Amino acid sequence: YPKTEVSYELKSGLIHLLPKFHGLLGEDPHKHLKELHVVCSIMRSHEIHGDYVKMKAFPFFLDGVAKDWLYL
């Protein structure tokens, strides 16, 4: 079967709903990832796999030293 490409664009209005993980002491990374999962589940459409949406949203989820880590 031929592959069909599906494009997906994060809606800028929904990006602000993403929780921010800063990588600070006392932050629970597991709780933040669960929150990311919940928000991404409302962002996805039926044609797009949920993991794809999470990968697209992940950089917007990080802030501070956590975002610095991502780009190292």
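## A tour that starts on the outside of α2

Select H30, K34, V38 and I42 first: these are exposed, on the other side of α2 from the buried residues we will visit shortly. Keep in mind as you click around that this is a predicted model.

**Stay on K34 for a moment.** This lysine sits in helix α2. Its relative accessible area is 59%, so it counts as exposed, since anything over 50% does. Now add P19 to the selection and draw a C-alpha to C-alpha distance: the two residues are 15 apart in sequence, and the gap in space comes to 9.9 Å.

**Zoom out.** Show the whole chain as a cartoon. You should find four helices and zero strands, so the pattern along the sequence reads simply α-α-α-α. The C-alpha trace spans about 50 × 25 × 20 Å along its principal axes. If you colour by accessibility, 25% of the 72 residues come up as buried. Switch on contacts between residues at least 6 apart in sequence, and 57% of them join residues at least 24 apart.

**Back to α2, this time end to end.** Select 29–43, the range of α2. The helix has 15 residues, and from its first C-alpha to its last it reaches 21 Å, close to the 21 Å expected at 1.5 Å a residue. Now pick out H32, L36, V39, C40 and M43, which are the buried residues here. Look down the axis: they cover an arc of only 100°, which puts them on the same side of α2. What do these buried residues pack against? Show α1 (12–15) and α3, and you have both partners.

While you are at the start of α2, select D28 and H30. A side-chain oxygen of D28 comes to within 3.0 Å of the backbone nitrogen of H30.

**Next stop: H32.** Is this histidine of α2 buried or exposed? Its relative accessibility is 13%, so H32 counts as buried. Show its side chain together with the backbone of K20: a polar atom of the H32 side chain lies 3.4 Å from the backbone oxygen of K20. Then expand the selection to the contacts. Leaving out residues up to four places away in sequence, H32 touches P19, K20, F21, E27 and F61.

**Now the K31 and E35 pair.** Both belong to helix α2 and are four residues apart, about one turn of the helix. Turn on side chains and you will see them meet in a salt bridge, at 3.9 Å from N to O. E35 has a relative accessible area of 29%, so it is partly exposed.

**How many salt bridges are there in total?** The count comes to two. For the other one, move to helix α3 and select D51 and K54, which are three residues apart, about one turn of the helix. Their closest N and O atoms are 3.7 Å apart. Colour the pair by accessibility and D51, at 42%, is partly exposed. K54 is partly exposed too, with 24%.

**Stay on α3 and select all of 50–61.** This helix has 12 residues and reaches 15 Å from first C-alpha to last, close to the 16 Å expected at 1.5 Å a residue. Highlight G50, V53, A57 and F61: these are buried. Which part of the helix do they line? Seen down the axis of α3, the buried residues fall within an arc of 75°, so they line one face. That set packs against α2.

**Last stop: the core.** In soluble globular proteins, nonpolar side chains tend to be buried together. Here, the largest nonpolar core has 14 residues. Select L18, M43 and V53, the ones with the most contacts inside it. The elements that give two or more residues to this core are α2 and α3, and α2 gives the most, with four.

Finish by centring on L18 and showing its contacts as sticks. Not counting residues up to four places away in sequence, L18 touches L36, V39, C40, M43, A57, F60 and F61. Among these, you have already met L36, V39, C40 and M43 as buried residues of α2, and A57 and F61 as buried residues of α3.

Methods. Residues numbered from 1 in each chain as written. Predicted model: local features only at pLDDT ≥ 70, side-chain atom pairs only at ≥ 80, totals over all residues. Heavy atoms only, no water. Core = buried A, V, L, I, M, F, W, Y, C linked by side-chain atoms within 4.5 Å. Buried < 20%, exposed > 50% of the residue type's maximum accessible area, 1.4 Å probe, protein only. Contact = heavy atoms within 4.5 Å. Salt bridge = Lys/Arg side-chain N within 4 Å of Asp/Glu carboxyl O. Expected span 1.5 Å × (residues − 1). Arc of directions from axis to C-beta. Polar contact = N/O pair within 3.5 Å; in protein donor to acceptor, adjacent residues only side chain to side chain.
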